[in-house]
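Thanks for making time this morning. I would like to go through the cysteines and the aromatic contacts of one model, so please have a look at it first.

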Amino acid sequence: SGPLKGHIFKGLHEKASEGNTLWVKSPVITCLSKGGGFHFPSCHILNICGFRILFDVPLDLSALTIFSPVPNDFDNLDEENCCCLESDKHRTPEKTAPNARNLVYAEPCYKTVKNLHLWNASFIDVVLISSPMGMLGLPYLTRMKGFSAKIYVTEATAKLGKLMMEDLVSSHMEYKRFYGDKESVCPQGMKFEELDQLLPTLKEIALGKDGEDLGGWMPLYSAVDVNDCLQKVQTLKYLEETCYNGTLIIKAVSSGAEIGACNWGINSPKGDIAFITSSIFLSGHAMDFDYHALKGNDLIIYSDFNFMHAMDDLDNGFNSAPVTDSIRSLASADISEERDKLAFVCSCAVDSVKNGGSVLIPIDRLGLILQLLEEISTALDYSNMKVPIYFISSVAKELLAFTNVIPEWLCTERQEKLFSGEPSFAHAELIKQKKLHVMNWQEPCVVFCPNWSLRLGPVVHLLQRWCIDRNSLLVLENGIDAQLALSPYKPMEMKVLQCSFFSGISLNKVQPLLKILQPKIVAFPKDLRRISFQESTPFSILHYSENETLAIPNLKSSELEIPMELATQFHFKKLKQEHINVTRVKGELLVSNGKHQLISETKQSDQEKCRPVLCWGSPSTDTLLAALSERGISGTVEGDTVDLEGENVSVVHVHEPNRACIKIGVAITVVTTADEDLAGRISDAIYSVLDNA
């Protein structure tokens, strides 16, 4: 008879987990960009259960300041003074302050998250958008070859993001009309000599501090790209759960930062995760921060970088807010401070109008615009001044109309107004009273327009008109380099008021918030590591950095639901080497709503009833010789050799009662003999020294 081969599986349970490596590995976080505050949110990739989840795809619109707005006196600018066109070896950029002639005179490109371009778009499984600002770069991603990820976003954010992208494309068309069919000027397309002639301030924006940001610049997408992108989006309501691939349960949780903005909750077999981005505890327009839905998670990824500029405060007597169980208690001081800021802006606006000047407010945060509209109109009425207020944007009418039909996305106070028959915001009544306009120009006036970079849209023409009027007022948000942004409009006689409105969680509120949420682990930005947590903190803290990968410890063991009728059929056997109990089981594995279930089969075939024995490990030669001797078989060990595949094998030669050869490898043992009865006795000896089931 022919040779008999016995297959001995070494580490079967280990090989099973190797085959599912992507599923069982612990979560991994990669910070692609820490962003630049509210207008340029951070960007992360989370790898969990083998799925890659991308959080937000923003644009850095502040980088537009290296480009000149469409000039009204371009014919008077000679090319040798435009820094991007000709080098001037006599100029010393280090000592030159930004001015109109130092800027790039060309149709601009837009700065995206550079590290995102290093990822293969086909490897991304899920995209979660937290705010309208986090959506502005999405068309670049959705048009990439191989992109097929599921995109989740709240209904309100999808609508606002759509309007903002359409307004961006519309505003950019003015550059198209001015420069004609010339291609956009991206820094990576400029010559080295041209880049070298940029002022240090402009060069850092174009190249980044490490000189590696060139790859992030892209020509602006088209209206067609925007529409194609929106076709791939799935919208959610707050707290509406959706299941991805039967494994991840995803839900959007109100963040309070803007209408429709959200944090994210992800439930998975490997742990429950909360992603916290820019948040405001109690908002004057949007639904408040929902902390109930974020409590008790295994992991919190903290990604609110809005107060990075306040890190210096940690060296100047920084104190954490007192521990409390109430979010309202944490937010009380913030509410009062925000109201004072709004009141101060209104008083400055009224003073400018009284002196015959106009007020320009280039802010794109819809909730803030609506609040300022109410406050300024009330202040003007109180001063008995009939001054028109304008909201100028290509999507102004749609934005204002949209806010009248979204009560479920607003704070409780606004909802109660709507349900009692009053408008949720005052702009509807202001339009009826002809106090708020989108046309019929008249000065002096108060103008809202969303192009805060001061490079696109109506704000450019209004600044060119009013920059020499010392009675007029320009209101800017912090976060933009005012000197650089205003350089094309110098000499500047117009008064400038730069304000910082709340767009995130204050640093001194972080520790009390985390104690309320009670996570097991917090992944915290390394930039904020100077925040000192109390020794009694009940959670572990890990720190992550931009463009680095952080592995999270296993959050919890995988769980498998087994029906009782199947569990009662188990026959456990204790392994000799591993000190664990194992049993064989056959059934159908189902994955649904993040849970794994084993379903038993109703019928068992005859072939399954006499299924072969499965073994673990590899037999040692000494133990095997003893087992063979007990069965009346004598043999000797030849020693270790190398087989044809280059693997080490141990060889045992059997002399009595007949000749046989046993080759013991890492994953297989082969028995070769012409005696079928002897082959069976040798196999029994091998099974006896191995763990099997």
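How many disulfides does the structure hold? Taking a disulfide as a pair of cysteine sulfur atoms within 2.5 Å, the structure holds zero. Before going further, I should say that this is a predicted model, in which local features need pLDDT of at least 70 and side-chain atom pairs count only at pLDDT 80 or more, while totals for chains, interfaces and linings use all residues. Residues are numbered from 1 along each chain as its sequence is written, and side-chain values use heavy atoms, with hydrogens and water left out.

For Cys348, the closest cysteine sulfur is that of Cys499, at 7.4 Å, which is too far for a bond. Cys348 counts as buried, at 18% relative accessibility, whereas Cys243 is partly exposed at 29% (buried is under 20% relative accessible area, exposed over 50%, partly exposed in between, with a 1.4 Å probe and protein chains only).

Turning to the rings, a search of the whole structure finds seven aromatic pairs, where rings of Phe, Tyr and Trp (its six-membered ring) pair if their centres lie within 6.5 Å, and planes under 30 degrees apart count as stacked, over 60 as edge-to-face and the rest as tilted. One of them is the stacked pair of Phe55 and Phe275, with 3.9 Å centre to centre and 10° between the planes. Because Phe55 lies in strand 4 and Phe275 in strand 14, this pair ties together parts that are 220 residues apart in sequence, strands being DSSP runs of E of at least two residues, numbered from the N terminus. Both Phe55 and Phe275 are buried.

Key:
Helices (H or I, at least four residues) and strands (E, at least two) are DSSP runs, numbered from the N terminus.
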